[in-house]
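Here's a quick tour of a protein model, from single residues up to helix packing and back out to the whole chain. Have the structure open and follow along.

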Amino acid sequence: MNTGAAWPDLAEAETRVHRMQTKLHQWATADPDRRFDDLANLVSDPAFLVVAWDRVRGNRGARTAGVDGVKPRAIGLGAGKLLAGLRDALKARRFRPAPVREHRIPKANGKVRRLGIPTAADRVVQAALKLVLEPIFEADFHPCSYGFRPRRRAQDAIAEIHHLGSPNRNYLWVFEADIEACFDAIDHAALLDRVRRRIGDKRILALVKTFLRAGILAEDAVRRDTTTGTPQGGILSPLLANIALSTLDEHFARKWAMLGPEWRRRKQRRAGVPAMRLVRYADDFVVMVAGTRDDAEALRDEVGTVLAPMGLRLSAEKTRVCHLDEGFDFLGFRIQRRPQPGSDRRYVYTYPSKKALAAVKDGARVLTRRRAHRTLAALLRRVNPLLRGWCTYFRHGVSKRTFGYVDHFAFWRIVGWLRKRHLGLNWGTLRRRYLPEWEIIDGGAALFRPRAVAVTRYRYRGARIPTPWASTTLA
């Protein structure tokens with residue numbers, strides 16, 4: 001790549017970046033022991049910075065500011081000056097990230113989730129760094145990991161659990177785990193050691209290290225040093241967390257490989273030797289066990305030992321062992337093996353959890369408060385994305401009846417809002433004006449109806465999920 005080239009437009013930049021990413025990914029795949037040097041020039045390359053800026057500005061987080069008070073979405077014509085300044089600072093090795101701005105989000109269990117919001121400039125550099133590092137480490141990541149990875153989604157993780165729990169496979173014991181304060185507790189030295197396995201460029205390693213130790217400006221305006229963790233909220237943080245947690249993926253991949261080919265695994269299972277499969281989405285994971293409850297319980301100490309060198313430990317309150325017939329919640333779904341209606345056979349069913357249902361109902365309640373919106377059209381423009389997004393996520397489960405319930409709930413919440421907003425109208429007038437043929441419509445806006453969403457089965461893709469840079473030949 002010509003690192004001295006002029007600033008390209010977005011289409012040209014994306015083409016050049018994808019071409020370089022494809023080369024990096026293929027080189028990493030072809031040689032698992034290769035360490036990459038001279039990557040810093042790519043981070044400061046105009047094409048990488050242009051694509052990085054496009055992703056930062058198009059991100060939902062572009063509406064929030066870091067400690068500099070600048071929202072990326074508010075930067076218009078000044079973007080060229082920002083990128084030029086970042087390029088000069090990176091090439092001269094003068095770039096230093098600012099502390100992240102802390103934002104606390106209350107959790108249902110009374111605790112808080114701490115987000116670290118970087119400045120606009122730091123987000124661009126993190127995005128450029130991710131564009132360079134991600135195709136390299138994707139060559140090493142295992143198929144059991146689904147969170148924050150390209151072309152992988154939560155539905156893939158649910159589909160694998162469904163696949164493993166189905167008849168003829170019968171992984172019936174579940175070790176359900178959660179890592180306590182994962183993003184806050186990752187050991188920097190251990191993480192950098194894993195990064196060094198692939199990255200030999202000292203400038204890249206120094207850049208990653210400076211982001212890890214940039215510090216946090218708390219909500220009370222007190223600055224704290226970050227001696228552990230990678231602040232949740234940064235663009236680079238999910239990739240770094242996956243690099244750290246890949247030690248868990250590697251451990252269970254080795255255990256699986258030790259069982260040998262399929263015929264030997266079947267023989268050992270008949271002899272009582274347990275088989276285990278990890279399914280991980282970021283720091284939430286389950287281990288499906290074909291064995292006994294004792295085999296699953298033994299994973300507490302085993303997994304804890306694997307995570308300890310990374311400075312991580314399991315959350316005692318969220319880690320448990322259960323049978324698939326009892327069911328468990330994972331990524332918003334309730335997963336349970338139940339008898340098929342009209343049959344003695346038992347199958348795995350996945351449907352929205354009670355917590356997920358309560359969340360969409362709470363969202364609808366907040367949006368349909370009497371003084372929340374001035375017009376029905378404004379209300380519908382807020383409610384529809386909530387309902388559409390929720391139904392899109394759960395449409396691959398056994399969700400038809402739940403969709404009908406959500407539809408009924410949302411419909412009558414909005415009807416209640418209409419009656420409170422128009423106290424002088426009787427029911428007949430209100431229905432003729434706003435509910436023609438029992439559909440809520442105001443001008444060009446109509447209520448999205450969850451009951452009309454088609455439920456389809458999500459097919460298990462296994463290890464066949466391609467990366468964006470897959471190719472049959474080396475570039």
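Which helix is Ala 79 found in? Ala 79 sits in helix α4, which covers residues 79-91. Keep in mind while looking around that this is a predicted model.

## Two buried residues

Ala 79 has a relative accessibility of 11%, and since anything under 20% is called buried, it makes the cut. Now jump along the chain to Lys 354: Ala 79 and Lys 354 are separated by 275 residues in sequence, and their C-alpha atoms are 45 Å apart in space.

Thr 350 is another one to click on. It belongs to strand β11, residues 346-352, and at 8% relative accessibility it counts as buried too. Leaving aside residues up to four places away in sequence, Thr 350 touches Ile 158 and His 162, then Phe 333, Arg 334 and Ile 335, and finally His 396, Gly 397 and Val 398.

## Helix α1 against α3

Next, the helices. Helix α1 (residues 10-30) packs on helix α3 (residues 46-58) at an angle of about 110°, and their axes are 8 Å apart. With that angle, α1 is roughly perpendicular to α3. The crossing of α1 and α3 is left-handed.

On the α1 side, the contact is built from Leu 10, Ala 13, Glu 14, Arg 16, Val 17 and Met 20; α3 brings Ala 47, Phe 48, Val 50, Val 51 and Asp 54. Sorted by class, the contact of α1 with α3 has eight nonpolar residues, three charged ones and no polar ones.

## Helix α1 against α5

Helix α1 also meets α5. Here the axes come within 7 Å and cross at roughly 35°, and α1 passes α5 in a right-handed crossing.

Val 17, Gln 21, Leu 24, His 25 and Ala 28 do the touching from α1, while α5 offers Leu 131, Val 132, Pro 135, Ile 136 and Glu 138. The class tally for α1 with α5 is seven nonpolar, two polar and one charged. Val 17 is worth a second look: it is part of the α1 contact with α3 and also of the α1 contact with α5.

## Helix α5 against α10

Follow α5 (residues 120-138) to its contact with helix α10 (residues 237-258): the two axes come within 10 Å and cross at roughly 30°. That angle makes α5 roughly parallel to α10. As for handedness, α5 passes α10 in a left-handed crossing.

From α5, the residues in contact are Gln 126, Lys 130, Leu 133, Glu 134 and Phe 137, and from α10 they are Ser 237, Leu 239 and Ile 243. By class, that contact between α5 and α10 has four nonpolar, two polar and two charged residues.

## Zooming out

How many helices and strands does the protein have? There are 17 helices and 13 strands. The radius of gyration is 25 Å, close to the 23 Å that the globule rule gives for 475 residues, so the protein is as compact as a globular protein of that length. Along its principal axes, the C-alpha trace spans about 75 × 70 × 45 Å.

Of the 475 residues, 48% count as buried. As for who touches whom, take the contacts with a sequence separation of 6 or more: residues 24 or more positions apart account for 71% of them.

Key
Residues are numbered from 1 along each chain as its sequence is written. This is a predicted model: local features need pLDDT of at least 70, side-chain atom pairs count only at pLDDT 80 or more; totals for chains, interfaces and linings use all residues. Side-chain values use heavy atoms; hydrogens and water are left out. Axes are lines fitted to C-alpha atoms, for helices over the stretch in contact, and angles run from 0 to 180 degrees between N-to-C directions. Helices (H or I, at least four residues) and strands (E, at least two) are DSSP runs, numbered from the N terminus. Angles under 35 degrees count as roughly parallel, over 145 as roughly antiparallel, 65 to 115 as roughly perpendicular and the rest as oblique. A crossing is left-handed if the near helix is turned anticlockwise from the far one by less than a right angle, and right-handed if clockwise. Contact means heavy atoms within 4.5 Å. Ala, Val, Leu, Ile, Met, Phe, Trp, Tyr, Cys and Pro count as nonpolar, Asp, Glu, Lys and Arg as charged, and the others, Gly among them, as polar. The radius of gyration is taken over C-alpha atoms; the globule rule is 2.2 Å times the number of residues to the power 0.38. Buried means under 20% relative accessible area, exposed over 50%, partly exposed in between (1.4 Å probe, protein chains only).
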